[in-house]
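Reader: I have a chain in front of me and would like to go through it residue by residue. Please show it first, and then I will ask.

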Amino acid sequence: MTLNFEADQPVVGLKRQQALIRAVLGATSADETRWLEWKSRHDVSKAAGAFAVSKAILGFANRMPDVAAQWAEGHAYLLVGVEEEALHGVATYDIEKVDAWLGRYLGNFDRYQFTYVPFDNGEGTRHVMLVDVFPPRWGDPIHTLRKEYEKYYPGAIFHRYAGKTQFAGPAEIEALTERARRAGQRIDVNIDSAGATIAVLKDFDGVRERLLDMLQEELRGQLDLEPAWPDRFSSLVGYRPDRRSPQEFLDEVEKYLYGVKVAMEQALAHKLREVGAPLKLKVVNPGETFLAQVEVVLSLPDTVEAHLLDDDQEVDWPTRPATFGALRSVPISGLLPYIPRHGYAPTTVRHPEIGREQGHTIIRYPPVDLRPNETVLLDPVALFSTREELEPFACDWSATATNVSGRIRRSMSVPAQALEIDIHVPDDAIPD
């Protein structure tokens, strides 16, 4: 048997906690990993139980951040009261008491939390103690045992290996020393907007809304018209009557209008590439430290809209819904047997993610590696606003890296540029 559990995200919520317990019941002792350990019976009110749980916590806490990040976003879990094919349960105690019992061995380490998870495997509900040890961080000190227990002396360093927690070896202690040393290594990058401007388009919103209103009125009006073809034509080969209900037609209309809106924004982005100055953030590593997976997040005022620029992407104008009630032709492919087509899945390319958060337009760029003194140009993004003023826009950016500590936050100003842009809209999208 193997551990049947996806460790792609933290174990949050009762259902997922119970799923982890269920997975342990169906596992073998060989399935204990660098992020998961379980113990059959331990009472944390006793010295033996408190030490066993504390030892596991310290072992998890002394992992390297890049190794820990491979599972559950860096979290590690200890389950007490369950093992392969056996649910034992544990006695439950107040959190203050448990923290005091563990604190004798953990000292001031508090980057963990625990809960009691109820579980019933058919023999009545029992409680399993689930301890969540938070992800280790660059700059964390080495966490040591604080109180003697039998052959283990204060200062002992435990490390979580694959399937076991034991004394850290020389290589692990050297790695943990390097982890602690990086407390003084903080991210340091510079970001330049590279001559970008935010296009101010005073009339774009009005033009867009007027076109969408006209399209909606014209298409919805088809519901009041008589069918264009009598039923006797429905038997013609290659044609069929319109079987859509009014609601189905309205759903098509809403989807079409949304497609037109998106296509107009795509067309605008293409125009801004030609006549404007798109945003091409320039990220500079001014130091001698290699920076791994630098993630830049840009925050813009909510009056600014952002759109990706892709050289290979054409404007995708949607197909207008067929006239409601009209006799509809059946494509030749609809009269032939289905012939499967084979092809290759397109290569996945990561692009900036654009969204709205707390009243701001947010752009999250894919992480990039930066060698010492290296400059990287991020993917271009078209920016525009419909506000009246031509004052510069105040923006904020932040950056983090996976191999150094800290988050750098700074502000920058992006100039405004008044533009008049004529977007070509296909003739079939314009009502008569």
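Reader: Is asparagine 373 buried, exposed or partly exposed?
Author: The model is a predicted one, and the values here are computed from it. Asparagine 373 sits in the loop between strand 18 (368–370) and strand 19 (375–377). Exposed would take over 50% relative accessible area and buried under 20%. With a relative accessible area of 46%, asparagine 373 is therefore partly exposed.

Reader: What is the phi of asparagine 373 near?
Author: Asparagine 373 is a residue other than glycine, and its phi is positive. The value is near 60°.

Reader: Which loop holds glutamate 150, and what is its phi?
Author: Glutamate 150 is found in the loop between strand 6 (125–133) and strand 7. At 59% relative accessibility it is over the 50% cut-off, so glutamate 150 counts as exposed. Although glutamate 150 is not a glycine, its phi is positive, at about 50°.

Reader: How far apart are the end C-alpha atoms of helix 2, and what span should its residues give?
Author: Helix 2 covers residues 47–61, which makes 15 residues. At 1.5 Å a residue, the expected span is 21 Å. The distance between the end C-alpha atoms agrees with this, at 21 Å.

Reader: How many of the residues of helix 2 are buried?
Author: Helix 2 is largely enclosed by the rest of the structure. This follows because, of its 15 residues, the number buried is 13.

Reader: What separates the C-alpha atoms of phenylalanine 60 and histidine 159?
Author: Phenylalanine 60 belongs to helix 2. Its relative accessible area is 0%, so phenylalanine 60 is buried. Along the chain, histidine 159 is 99 residues apart from phenylalanine 60, yet their C-alpha atoms are separated by 6.7 Å.

Reader: Where is leucine 78, and how far is its C-alpha atom from that of valine 53?
Author: Leucine 78 is part of strand 2 (residues 76–80). With a relative accessible area of 1%, leucine 78 is buried. Valine 53 is 25 residues apart from leucine 78 along the chain, and the C-alpha separation is 7.9 Å.

Reader: How many salt bridges does the count come to, and which residues are joined into one network?
Author: The count comes to ten salt bridges. In one of them, glutamate 37 meets lysine 39, with 3.0 Å from N to O. Glutamate 37 also pairs with arginine 160, where the closest N and O atoms are 3.0 Å apart. Sharing partners in this way joins into one network Glu37, Lys39 and Arg160.

Reader: Are glutamate 37 and lysine 39 buried or exposed?
Author: Glutamate 37 has 8% relative accessibility, so it counts as buried. Lysine 39 has a relative accessible area of 17%, which is under the 20% cut-off, so lysine 39 too is buried.

Reader: How many residues apart in sequence are the parts that arginine 160 and glutamate 37 tie together?
Author: Both residues of this salt bridge are buried. Arginine 160 lies in strand 7 (residues 158–161), whereas glutamate 37 lies in strand 1 (residues 36–39). The pair therefore ties together parts whose separation in sequence is 123 residues.

Reader: Which residue forms a salt bridge with glutamate 252?
Author: Glutamate 252 is partly exposed, with a relative accessible area of 29%. Its partner is buried, at 9%. The closest N and O atoms are 2.9 Å apart, and the partner is arginine 244.

Reader: How far apart in space are serine 245 and phenylalanine 324?
Author: Serine 245 is in the loop between strand 11 (239–240) and helix 7 (246–275). At 28% relative accessibility, serine 245 counts as partly exposed. Phenylalanine 324 is 79 residues apart from serine 245 in sequence, while the C-alpha to C-alpha distance is 9.1 Å.

Reader: Which residues form the negative surface patch?
Author: Glutamate 96, one of its members, lies in helix 4 (residues 95–106). Glutamate 96 counts as exposed, at 58% relative accessibility. The patch is formed by Asp94, Glu96, Asp99 and Asp110.

Conventions
Residues are numbered from 1 along each chain as its sequence is written. This is a predicted model: local features need pLDDT of at least 70, side-chain atom pairs count only at pLDDT 80 or more; totals for chains, interfaces and linings use all residues. Side-chain values use heavy atoms; hydrogens and water are left out. Helices (H or I, at least four residues) and strands (E, at least two) are DSSP runs, numbered from the N terminus. The expected span of a helix is 1.5 Å times one less than its number of residues. Buried means under 20% relative accessible area, exposed over 50%, partly exposed in between (1.4 Å probe, protein chains only). Patches are made of residues with over 30% relative accessible area and no salt bridge: like charges are joined within 9 Å, nonpolar side chains (Val, Leu, Ile, Met, Phe, Trp, Tyr) within 5 Å. Accessible areas come from the Shrake-Rupley method with a 1.4 Å probe; for residues, only the protein chains shown count as cover. A salt bridge is a side-chain nitrogen of Lys or Arg within 4 Å of a carboxyl oxygen of Asp or Glu. Lys and Arg count as positive and Asp and Glu as negative; His and the chain ends are not counted. The place of a charge is taken as NZ of Lys, CZ of Arg, CG of Asp or CD of Glu.
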